[in-house]
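Student: Could you pick one small part of this structure and take me through it closely, with a bit of context first? I'd like the cut-offs along the way.

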Amino acid sequence: MRASSVVLLPHAPSSVAVARRRLSSELVDSGVYETIVDDASVIVSELISNALRHARPLPSGQVRVCWLRRGDVLELEVSDGGAMTEPRRGPGTLSSLGGRGLGIVEALSDGWGVRHEDGSTTVWAVLRAPRSSGDNGRSAPVGLHAVVPDLADFPDLLDDPNEDLCNGTRNETAPSRAYPA
């Protein structure tokens with residue numbers, strides 16, 4: 001199964017809930033396990049929240065949220081107008097009020113990264129998203145979260161760091177930095 005969505009949302013806090021609802025609805029409708037839907041929703045929420053807090057909007061005044069499901073792999077992306085600093089995982093100490101977002105993304109995903117292209121910054125994450133086998137996606141098989149697949153098992157997924165995951169285009173000037181979980 002190959003399915004994707006691209007959503008342009010206002011650079012505003014209300015966009016987090018809008019993206020979560022749409023992503024969750026589409027993934028549940030496509031038969032993804034609820035636990036994976038929950039993980040994907042948290043990842044998208046963290047990526048959008050980071051874009052709103054730390055970056056400028058795209059020239060349109062929006063952020064772009066994209067998800068693509070290829071087989072059992074779900075790719076999530078959030079694009080913004082960039083910032084003065086590179087998105088990176090912060091220390092996220094127990095006493096800090098923030099700084100845990102990309103740590104959460106790292107914990108829930110199989111890998112994440114950053115790509116820069118034509119005045120925008122895209123932070124992406126990938127995770128396994130197998131379809132449920134007729135139980136309405138209520139629960140994932142035992143141990144599904146315990147085993148992180150080797151991204152080398154998906155050669156078409158990350159073989160070119162300059163590939164735009166959601167629209168299949170390549171941008172030879174857009175270096176990408178990947179952070180495996």
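Tutor: Context first: take the contacts in the protein chain between residues at least 6 apart in sequence, and 69% of them join residues at least 24 apart, where contact means heavy atoms within 4.5 Å. Bear in mind that this is a predicted model, so local features need pLDDT of at least 70 and side-chain atom pairs count only at pLDDT 80 or more, while totals for chains, interfaces and linings use all residues. Residues are numbered from 1 along each chain as its sequence is written, and side-chain values use heavy atoms, with hydrogens and water left out.

The chain has four helices and six strands, taken as DSSP runs numbered from the N terminus (helices: H or I, at least four residues; strands: E, at least two). Along the sequence they go β-α-α-β-β-α-β-β-α-β.

Now let's zoom in on H11, which sits in the loop between strand 1 (2–10) and helix 1 (14–29). H11 counts as partly exposed because its relative accessibility is 24%; buried is under 20%, exposed is over 50%, and partly exposed is in between, with a 1.4 Å probe and protein chains only. Skip its neighbours within four places in sequence, and H11 still touches A51, L52, A55, R56, P57, G61, Q62 and V63. With A51 there's an extra detail: the H11 side chain gets to the A51 backbone oxygen at 3.4 Å. For reference, a polar contact is an N or O pair within 3.5 Å; within protein, one atom must be able to donate a hydrogen and the other to accept it, and residues adjacent in sequence count only if both atoms are side-chain atoms. Then there's D80, 69 residues from H11 in sequence but 8.7 Å from it in space, C-alpha to C-alpha.

Carry on past the loop and you're in helix 1, with 16 residues and 23 Å from first C-alpha to last, close to the expected 22 Å (that's 1.5 Å times one less than the number of residues). Its buried residues are S15, V16, A19, L23 and L27. Down the helix 1 axis, these fall within an arc of 100°, so they line one face; the arc is that of the directions from the axis to the C-beta atoms. R21 and D29 are exposed on the other side of helix 1. After helix 1 comes G31, with a positive phi near 90°.
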